[in-house]
Amino acid sequence: MSDFRQPGPPGRRRLDGVRENVMETAEHEDSRYEAVRSRDARFDGVFFFAVETTGIYCRPSCPAVTPKRRNVRFFATAAAAQGSGFRACRRCRPDAVPGSADWNVRADVVGRAMRLIGDGVVDREGVAGLAGRLGYSTRQVQRQLTGELGAGPVALARAQRAHTARVLLQTTGLPVTEIAFASGFASVRQFNDTIRAVYAATPSEVRAAAPARDRASRRAAAPSAGIPLRLAHRGPYRAGPVFDLLQREAVAGIEEVSGPVGRRVYRRTLRLPYGTGIVAVEERPGRPRTGSGGWLDARLHLTDLRDLTTSVQRLRRLFDLDADPYAVDERLGADPRLAPLVAARPGLRSPGTADPDELAVRALVGRAEAERLVQRYGKALDAPCGTLTHLFPEPAVLAGAEPHGTLGALAAALADGTVRLDPGADRDDAERALLALPGLDARTAAVVRTRALGDPDVAPPGPAVPDTWRPWRSYAWNHLRAAGEWEQHR
């Protein structure tokens with residue numbers, strides 16, 4: 001487990017021990033089984049269970065009849081369950097759960113590797129590319145992932161490709177052959193074999209088994225309508241402050257927020273490995289969901305469908321959809337100062353970014369200057385969509401166009417890799433490299449570490465904050481700002 005995990009307060013509910021220890025030794029399997037028996041959705045994505053008598057694996061909240069304890073096996077990842085010969089449950093769709101919050105918290109090689117795999121690095125660069133980014137040999141990466149998660153990088157990427165394929169099969173009318181390559185498979189045969197192994201069905205059968213909602217939208221959608229998605233999250237999600245922040249920060253030309261509060265739509269352009277994209281994400285109306293979780297509706301328009309997995313993961317980081325609000329609220333809610341803030345805003349998130357390099361530049365220069373950079377150096381879209389006309393300029397372009405001052409130094413460092421902000425970057429190394437740049441202060445570095453690197457435990461600049469806020473100091477910072485108390489704290 002992460003070094004950031006801290007003991008919880010006394011009197012915690014018995015099930016809370018699952019979250020802290022779920023990936024450790026077999027002695028905790030009884031607690032995991034209790035979570036399964038109570039269909040506790042808090043642990044969806046934290047672990048998976050499989051039933052030996054049926055050959056099926058599920059999420060903990062699966063509504064099916066609870067199997068007998070002696071027939072149950074537990075797995076850290078869906079890939080590990082698949083690798084042991086189990087197929088995904090058709091009722092609870094365990095491949096669609098939010099990712100484990102552990103991958104955001106952890107700063108070790110396993111956490112970094114999982115973030116890179118989620119971004120599609122194995123599909124684009126292979127295991128050798130993944131290992132090179134981590135600074136380890138392929139053998140070391142294979143051993144560490146298999147030893148801790150029960151599956152190596154190839155199996156983890158394969159599970160992710162299968163999920164992407166299912167989404168495309170059930171929400172679009174694309175031909176199966178196109179879906180195979182768009183999902184990252186090397187051949188149609190590999191695609192067919194994987195779908196049969198994971199879902200115990202052919203691709204055509206998977207498409208036919210789509211929920212009625214997906215079938216209806218697939219029939220009604222025009223080819224240009226994009227890909228409809230439901231971006232799942234666990235627990236309550238306080239969407240208002242996230243959309244407030246995005247609206248305040250929106251940079252003309254690459255972003256816009258429209259509609260009334262409670263029903264706003266955030267749209268932006270995306271630079272992706274194979275092409276470009278435009279995404280629209282809807283604010284969920286009404287009160288935040290407090291039950292088993294929920295989702296944000298989104299729609300993606302991509303110039304190359306191979307970018308689907310990467311774009312979805314970047315949106316999940318932007319909206320902090322893989323967070324564990326139960327763990328965050330429990331820890332921060334035990335602090336006398338934060339308790340009323342947590343009670344007022346359960347499920348408050350710590351937003352990230354869809355483009356780490358862009359976020360670093362924007363954190364440095366501010367919104368107005370960012371708009372100038374977009375208009376002057378941003379690449380124009382081949383097909384503008386309303387007010388969305390450009391991509392944010394790449395670091396190499398900025399370094400060449402405006403080489404002087406802190407902006408020039410930052411852009412050059414991002415372009416040549418002196419500062420790395422990709423999902424697998426070492427957060428401490430990145431912060432040290434940022435602070436070594438002339439004119440870049442600690443506050444800007446903290447913003448970059450929080451949002452570009454997705455670190456949930458960044459101590460905000462200023463007076464010391466209590467250690468009891470760890471490992472969720474970034475969330476505490478957001479609570480103080482949302483309540484208008486940050487200036488008083490400083």
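**Group meeting: a walk through the predicted model**

Let's start with helix α13, residues 239-249, where Ala239, Val242, Phe243, Leu245 and Leu246 are buried. If you look down the axis of α13, those buried residues fall within an arc of 155 degrees, so they line one face of the helix. And what covers that face? The elements over the buried residues of α13 include the strands β6 (255-258), β7 (265-271) and β8 (276-282), along with the helices α14 (308-318) and α22.

Before I go on, please keep in mind that this is a predicted model. Here is the overall picture. The chain has 24 helices and 11 strands. Of its 490 residues, 55% count as buried. Taking the contacts with a separation of 6 or more, 65% of them are between residues 24 or more positions apart.

Since α22 came up, let me stay there for a second. Helix α22 covers residues 442-452, and Thr444 sits in it. Is Thr444 buried or exposed? Thr444 has a relative accessible area of 11%, and buried means under 20%, so Thr444 counts as buried. Leaving aside neighbours within four places in sequence, Thr444 is in contact with Ala363 and Leu364.

Now to the cores. In general, nonpolar side chains in soluble globular proteins tend to be buried together. In this model, the largest nonpolar core has 71 residues, and the members that touch the most other members are Leu229, Leu300 and Phe319. Which helix gives the largest share of this core? That would be α8, residues 153-171, with 8 residues. Let's zoom in on Leu229. Not counting residues up to four places away in sequence, Leu229 touches Val167, Leu296, Asp297, Ala298, Leu300, Leu308 and Val312. Apart from this core lies another one, of 30 residues, and among them are Val251, Ala370, Val374 and Ala430.

Let me move to a sheet. As a reminder, strands of a sheet pair through backbone hydrogen bonds, either parallel or antiparallel. The one I want to show you is an open sheet of 4 strands, in the order β3-β1-β2-β4, with mixed pairing. Its edge strands are β3 and β4 (87-88), each of which pairs on one side only. Strands β1 (residues 48-51) and β2 (residues 56-58) run antiparallel and are joined by 3 bridges. One pair to find on the screen is Val51 with its bridge partner Ile56 in β2. Packing on this sheet is helix α2, residues 29-37, which touches β1 and β3, and the direction of α2 makes about 100 degrees with that of β3.

Just past β3 there is a residue I'd like you to click on. Thr77 is in the loop between β3 (72-75) and α3 (78-83). Even in that loop, Thr77 is buried, at a relative accessible area of 5%. What does the side chain of Thr77 reach? It reaches the backbone oxygen of Leu149, at 3.5 Å. Beyond four places in sequence, Thr77 touches Phe48, Leu149, Ala151 and Leu156.

Step on into helix α3 and you meet Ala80, which is buried too, with a relative accessible area of 4%. Outside four places in sequence, the contacts of Ala80 are Phe75, Leu149, Gly150 and Ala151. Ala80 and Phe48 are 32 residues apart along the chain, and their C-alpha atoms are separated by 9.2 Å.

Next, a hairpin. Strands β10 (residues 379-385) and β11 (residues 388-391) run antiparallel, with 3 bridges joining them. Cys385 stands opposite Leu388 in β11. There are 2 residues between the strands of this hairpin, and Gly386 takes a positive phi near 65 degrees.

I've kept an arginine for last. Where is Arg427? Arg427 lies in helix α21, residues 427-435. At 3% relative accessibility, Arg427 counts as buried. The side chain of Arg427 reaches the backbone oxygen of Leu453 at 3.2 Å. Setting aside residues up to four places away in sequence, Arg427 touches Asn104, Val105, Arg106, Arg115, Arg449, Leu453, Gly454, Asp455 and Pro456. And have a look at Ala107 as well: Arg427 and Ala107 are 320 residues apart along the chain, with their C-alpha atoms separated by 7.2 Å.

That's my tour; thanks for listening.

How values were computed:
Residues numbered from 1 in each chain as written. Predicted model: local features only at pLDDT ≥ 70, side-chain atom pairs only at ≥ 80, totals over all residues. Heavy atoms only, no water. Buried < 20%, exposed > 50% of the residue type's maximum accessible area, 1.4 Å probe, protein only. Polar contact = N/O pair within 3.5 Å; in protein donor to acceptor, adjacent residues only side chain to side chain. Contact = heavy atoms within 4.5 Å. Pairing = 2+ DSSP bridges. Axes fitted to C-alpha atoms, helices over the stretch in contact; angles between N-to-C directions. Arc of directions from axis to C-beta. Core = buried A, V, L, I, M, F, W, Y, C linked by side-chain atoms within 4.5 Å.
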